[in-house]
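Hello,

Here is the structure I promised to pass on to you. Have a look at it first, and my notes follow underneath.

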Amino acid sequence: MPEVTLVEAVNMALAKAMESDDTVMVMGEDVGINGGVFRATDGLLGRFGARRVRDTPLSEALIAGMSIGLAAQGMRPVAEIQFMGFIHPIIDQVVNHASRLRYRTRGRLTCPMVLRCPFGGGIHAPEHHSESTEAMFAHIPGLRVVIPSSPSRAYGLLLAAIADPDPVVFLEPKRIYRAKRELVEDDGKPIPLDCSFVLRRGEDLTLITWGAMVAETIEASEILAADGVTCDVIDVGILNPLGPNAILDSVSKTGRCVIVHEAPLTGGYGGEIAAQLAEHAMMSLLAPVIRVTGFDSVMPLPKLERHYMPTANRIVSAARKTLAYS
Amino acid sequence: MQVLDENGAVVKALPEFAKERTQIIELYRAMVLNRAFDAKAIALQRTGRLGTYASSLGQEAVAVGTAAAMAEDDVLLPSFRGHGSQLWRGVTMVELFQFWGGDERGNDFARPRQDFPVCIPVASHIPHAVGVALAMQMRGERRAAVCIFGDGATSKGDFYEALNIAGVWNLPVVFVINNNQWAISVPRSAQTAAETLAQKAIAAGLPGIQVDGNDVVAMRYSVEQALDRARADGGATLIEALTYRMGDHTTADDASRYRDDADVSHHWKLEPVARLRSYLQQAGLWTREDEESLLKECAKDVESAAQAYLDIPGRSPESIFDHLYYSLPAPLAAQRSAMLAEQIPDA
Ligand SMILES: Cc1ncc(C[n+]2csc(CCOP(=O)(O)OP(=O)(O)O)c2C)c(N)n1
Ligand SMILES: [Mg+2]
């Protein structure tokens, strides 16, 4: 069983999917000979050839739009958008077409495509390379938004995304692309796209997050554990459609919840989770739900980005605030 | 490119299909039906029985000529003004009325199953066409995609991005610009400083040609040639079909706010249906009785389609959750149940 990083797990899943289904194809900017700017598609050109591994021109809206045409014709395109700052030209294609082709043709034409995109800050990247706009995509009916936060979840969720009969936006937390290695069996097993992942179990508090923030959140839970406070740590993993059961179960038990995300506060996906808790777990809540997020400012350039992104300390102080309610 | 001039006189050798009486009359019939369908759609809209509708009055030759050039297994990606193409391809009038009447089931047409539904966000379907063409090319099929859009669409990035890749990947696709001289109130002259829209192909390394879009013979012939080339690995073509929007932009528009009737009346001398009729009459292929019986037949077909459309039972409200995903995710199932529990009876 290979010990792989998250980005290697993405590569492994792509290769597995291409091996087992010859309608699966990979395309995007620099995904061929260069193997992708993060090497997620490394080696695929050599293994599967230029017919199925395609370097496109620099043309984001086209990459998404062309994927729709391919998918409607029975192909399974897995397209890469190089950075989340450059994903926004495709929103038109995703909102107006990919997510609703099945709906508007009553199932006659479908759109089984995956748009992969590295997202998030903390790697000292240039301007426009560090955004987290997942909430925009989570707002689109007919779409799935999937965010892995470990090598094994990247592998299983990507396989599921590629096999899924509907369009999936697959956001890869690039800050933890190479943070950890994990044993991942290359068995082609997908992880169903309707669950969240309970990473730590505790009694006193629920910490909810996704993507690269899983690292800070677990760190916070360890700091709290030293004080005798135990936490459920939940990685949401699939933002749309959100299966809230694990979250509700946990908060019904702990009565306290902190939601962590890198994206700005206002209109962030944490608000959706907080609203669901208010609606469905009001009677269990012992304290207000608190969000620890990026600020409602522009994602700063590298000099200040560490002040923007939530830290374990910020999560711990929010946790202490909720714990102060009795 | 022109075969029949504005008086219906033959100015260039007739292509083979145009020498066949049945084929040329089929084109004529399709344009007359297209026009009758538009008129009925507007009448239904004016009486509250159809939604906002974009008539193709005056542009029938572009729609019909393009579709007539296609093989059955080619794929059409129309804009919102392509009724004539869709009808030719086998979409029924009932299905079109149903869609424009506000029911997506009209897009689930019985045939042609692989054609795209109309595209409302201008130009955004042009990238789909190159995707369709790429799938065909990758599978080594002798098929092509045909995408129709307006002059207004050629100002958008989607248009340039799609042309660019069609050029560099040599894709089997034909782009047809229905240049009706207007993007709602913005005339062609205010859209671009380019001398022609066809020349926008040059930068993508594609051939771009101008065709008289009111000459259905020239339309069919040009698209046929472009399709032949596309299927023979010869790549894509951009065809600028020059025509004119004789009606309002849609039923929600009032063109008198931005153009004079005088501008329009001149174009009645150029319009495609009268032109082909002149040719047919001059060639001795068409009599007044033929004309009368065709008009009667089209009116009857359109009326019975309209009636069939009006008789379609309504859709259950909770069907807004159908076909959203392959299978309904649990959170949506909850919303569906909530909707069912609170259902308001029809007025
Ligand atoms: C992207 C987009 N912008 C604006 C509109 C509103 N709109 C509908 S049709 C139209 C003009 C389109 O002109 P053209 O492409 O020439 O097509 P035509 O209507 O003349 O057939 C506009 C502005 C739209 N549907 N899509
Ligand atoms: Mg126009």
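**The magnesium site**

Along the sequence, the residues that donate to the magnesium ion (ligand 2) follow the spacing D-x28-N-x1-W. They are Asp151(B) through OD, Asn180(B) through OD1 and Trp182(B) through O, at 2.0 to 2.1 Å from the ion. Donors here are N, O and S atoms within 2.8 Å of the metal (3.2 Å for Na, K and Ca), and water is not among the atoms, so sites may look incomplete. Both Asn180(B) and Trp182(B) are buried (buried is under 20% relative accessible area, exposed over 50%, partly exposed in between, with a 1.4 Å probe and protein chains only).

A word on the basis of all this: the model is predicted, local features need pLDDT of at least 70, side-chain atom pairs count only at pLDDT 80 or more, and totals for chains, interfaces and linings use all residues. Residues are numbered from 1 along each chain as its sequence is written, chains are lettered from A and ligands numbered from 1 in the order in which they are written, and side-chain values use heavy atoms, with hydrogens and water left out.

**Around ligand 1**

Ligand 1 is surrounded by 15 residues, the closest being Arg81(B), Ile120(B), Gly152(B), Asn180(B) and Trp182(B) (a residue counts as near if one of its heavy atoms lies within 4 Å). By class, this shell holds 8 nonpolar, 4 polar and 3 charged residues (Ala, Val, Leu, Ile, Met, Phe, Trp, Tyr, Cys and Pro count as nonpolar, Asp, Glu, Lys and Arg as charged, and the others, Gly among them, as polar). Backbone N or O atoms lie 2.7 Å from a ligand 1 oxygen in the case of Gly152(B) and 2.8 Å in the case of Trp182(B).

**Cysteines**

How many disulfides does the structure hold over all chains? There are 0, a disulfide being a pair of cysteine sulfur atoms within 2.5 Å. The cysteine sulfur closest to that of Cys195(A) belongs to Cys257(A) and is 18 Å away, so it is too far for a bond. For Cys257(A), also in no disulfide, the nearest cysteine sulfur is that of Cys231(A), at 11 Å. Cys195(A) is partly exposed at 22% relative accessible area, while Cys257(A) is buried at 0%.

Best wishes

Methods
A polar contact is a pair of N or O atoms within 3.5 Å; within protein, one must be able to donate a hydrogen and the other to accept it, and residues adjacent in sequence count only if both atoms are side-chain atoms.
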